[in-house]
Amino acid sequence: MKSRLIPEKYQKHWWFFLIISSITLGGILIRPSFRLLPIFLNLASIKLEQVKDIPARTEDIYPAVIQVDNTHEYFLPFIVQDEPQTQINKQERAHKTLLKGIDFSPKGAQISIIIEPKNEINSGKSVKISFLPSEHCTYGDGNACIYHILLSNQSKVIFASVHSGVGGEGEPFRNLIEGTGLNQGLYTSNQVLKIAQTLAGSKVTVTQGNTKINDLVLTIIARIPPASLETYMTLPIEQTLTYAMELGILSPEIFNSNVLVIETCGWQLPGDILNPNFPNTTQSIYLGIIH
């Protein structure tokens with residue numbers, strides 16, 4: 001029996017109209033899913049690219065104490081004095097115990113660094129950077145590469161290098177500074193600078209097991225820009241801070257006492273020129289200085 005709903009001249013092609021209708025309806029139904037495809041591909045890309053995050057120098061053998069000659073114009077003396085200082089006032093003595101009780105050796109338990117942002121940044125929520133101190137730090141293994149640097153004034157620098165990116169130990173810190181957009185940071189470099197300036201002075205707590213150290217402060221966040229990455233990446237770890245001073249983004253006075261430095265990679269920011277020698281997930285370096 002012929003259908004009365006389809007003109008007679010088209011009834012013999014009813015199967016053709018059925019196929020077209022099915023394809024059209026299916027396309028309408030799955031269209032929202034295709035909108036999510038770039039996001040899934042982006043996450044997969046970030047996961048793969050972050051394997052190359054953090055310079056290869058962080059895979060070096062664990063140095064108990066790094067001591068090198070100072071050959072830079074800016075004063076960051078990595079020379080150990082032959083005779084120890086005999087006069088240390090109470091304030092300096094307090095600095096010497098900045099992180100007393102925290103074991104940063106490869107045998108140490110998990111360490112958590114909790115930053116409490118000021119002025120309602122991140123909606124006032126604290127940010128936690130957790131890692132195991134280690135000789136090596138491969139993306140996603142939960143480790144941080146730890147370096148100990150001894151200055152000539154007997155101040156100590158504990159340098160913790162952590163990966164950013166999805167699942168990275170330093171990702172909460174990176175996201176706090178530059179936000180997360182589609183395969184790049186959310187904020188422009190000018191916005192990132194203002195956020196970093198606002199975060200300076202935020203309270204920091206370091207915990208390890210039952211040990212908890214309060215009253216620490218995030219003194220400054222320095223950003224190594226894309227144009228300076230090649231030089232920064234090729235320097236020995238103990239010279240990176242001096243290089244940051246040569247760029248004018250760190251002050252030598254910061255190292256008059258013990259400090260903890262958190263290093264992680266930043267992503268390409270909107271409006272920034274991509275450095276073609278590095279993936280878009282490694283377009284800058286952030287250095288968080290904690291006293």
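Let's start with one residue, Pro133: its relative accessible area is just 2%, so it counts as buried, the cut-off for that being under 20%. Keep in mind as you look around that this is a predicted model.

Where does Pro133 sit? It belongs to strand S2, which covers residues 127–134. If you set aside its neighbours within four places in sequence, Pro133 still touches a good list of residues. Among them are Asp103, Phe104, Ser105 and Pro106, along with Gly108, Ala109 and Ile111. On the other side in sequence, Pro133 is in contact with Ala144 and Ile146. You can also check a distance from here: Val162 is 29 residues away along the chain, and its C-alpha atom lies 10.0 Å from that of Pro133.

Now step back to the whole protein chain. It has 291 residues, and 44% of them count as buried. Seven helices and eight strands make up its list of elements. Take the contacts with a separation of 6 or more: 68% of them link residues 24 or more positions apart. As for the outside, the chain exposes about 15,900 Å², with carbon and sulfur atoms supplying 57% of that area.

How far can you trust what you see? The mean pLDDT of the chain is 77, and 67% of its residues reach 70 or more. Over residues 28–56, though, the pLDDT is below 50, and this stretch has 32 contacts in the model beyond near neighbours in sequence. Residues 58–96 also stay under 50, with 85 contacts beyond four places in sequence. Where pLDDT is low, the predicted coordinates shouldn't be read in detail.

Note on methods. Residues numbered from 1 in each chain as written. Predicted model: local features only at pLDDT ≥ 70, side-chain atom pairs only at ≥ 80, totals over all residues. Heavy atoms only, no water. pLDDT = per-residue confidence, 0-100. Contact = heavy atoms within 4.5 Å. Helix = DSSP H or I, 4+ residues; strand = E, 2+ residues; numbered from the N terminus. Buried < 20%, exposed > 50% of the residue type's maximum accessible area, 1.4 Å probe, protein only. Areas by Shrake-Rupley, 256 points an atom, 1.4 Å probe, with all protein chains shown as cover.
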